[in-house]
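Please open the model in your viewer and keep the sequence panel at hand, since the tour moves from one selection to the next.

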Amino acid sequence: MRENKPFPENVHVINHPLVQHKLTTLRNKHTSTMEFRSIAAEIGLILAYEATRDLALQSVSIETPLELTEGQVLAGRKTCIISILRAGNGLLQGVLQLLPAAKVGYVGMERDEETHRPRAYYCKLPKAMQERTTLVVDPMLATGFSAIESIRQAKSLGAQDVRFLCLLATPEGIAAMHEALPEVPIYTAAIDRGLDENAYIRPGLGDAGDRLYGTL
């Protein structure tokens, strides 16, 4: 992280000890596919917990086994989770544990190895996006291009309250996101040193999709 150049206020690094412990396990090249998949989902749940702290509530009357009382439930439409394929599904499973009733959408992105720019090949999103809080999930915010394009897809369908969740971010990715979509908060487990000449995150954790699905 570049201590001498502060990041935008809406960049949230989740420094919880359990998150940092789990992230270290993900970084380890000897971690098995099964363990990598399980831990990525666990961190996804914690990131979603932090990203949903300010969801609106409304009061309801309920009856406990002993008496009538007032309680609080989420207000408005169910939350939407958008997974950036394919690696985003690694975080999606954890987020769904926290928000099992959420609507789910998918944006398929593949990287051009020469330009490092994403190419969209699939997009399927829920209806009434303008009425939902939308969590976009992808393990990496590297160049930022895939995240930006995916969020723009959601916004083109009316999404307004969008939040981005990732395992790792880079200064370059954060800068690109802030320039293109300054209103979108970022929730990440760490901000790494930066990108190498092939646009891979360093020190990183390798290709998240390959490590999630054993396609190394």
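**From an annotated site to a helix pair**

In this predicted model, begin by selecting Asp207, which sits in the loop that runs between β12 and α6. Colour the selection by solvent accessibility: Asp207 has a relative accessible area of 38% and is therefore partly exposed, since that class covers values between 20% and 50%. Now show the side chain of Asp207 and look for the backbone nitrogen of Asp210, which lies 2.9 Å from a polar atom of that side chain.

Next, select Gly206, which belongs to the loop joining β12 (201-202) to α6 (208-213). Gly206 has a relative accessible area of 51%, so it is classed as exposed, the cut-off for that class being over 50%.

Then widen the selection to Ile201, Gly206, Asp207 and Ala208, the residues that the unreviewed UniProt entry lists under "binding site". If you display the pockets of the model, you will find Ile201, Gly206, Asp207 and Ala208 in the lining of the largest pocket.

For the last stop, leave the annotated residues and select helix α4, residues 145-156, together with helix α5, residues 171-180. How are α4 and α5 oriented to each other, roughly parallel or roughly antiparallel? The two helices pack with their axes 9 Å apart and at an angle of about 30°, and α4 and α5 are therefore roughly parallel, because angles under 35 degrees are counted that way. Rotate the view until one helix lies in front of the other, and you can follow the right-handed crossing in which α4 passes α5.

Conventions:
Residues are numbered from 1 along each chain as its sequence is written. This is a predicted model: local features need pLDDT of at least 70, side-chain atom pairs count only at pLDDT 80 or more; totals for chains, interfaces and linings use all residues. Side-chain values use heavy atoms; hydrogens and water are left out. UniProt positions are given in the numbering used here, feature names are shortened, and annotations may be inferred rather than shown by experiment. On a 1 Å grid over the protein atoms alone, a cavity is a set of points where a 1.4 Å probe fits but cannot get out, and a pocket is an open set with protein on both sides within 12 Å along at least five of seven lines; lining residues have an atom within 4 Å of a point. Helices (H or I, at least four residues) and strands (E, at least two) are DSSP runs, numbered from the N terminus. Buried means under 20% relative accessible area, exposed over 50%, partly exposed in between (1.4 Å probe, protein chains only). A polar contact is a pair of N or O atoms within 3.5 Å; within protein, one must be able to donate a hydrogen and the other to accept it, and residues adjacent in sequence count only if both atoms are side-chain atoms. Axes are lines fitted to C-alpha atoms, for helices over the stretch in contact, and angles run from 0 to 180 degrees between N-to-C directions. Angles under 35 degrees count as roughly parallel, over 145 as roughly antiparallel, 65 to 115 as roughly perpendicular and the rest as oblique. A crossing is left-handed if the near helix is turned anticlockwise from the far one by less than a right angle, and right-handed if clockwise.
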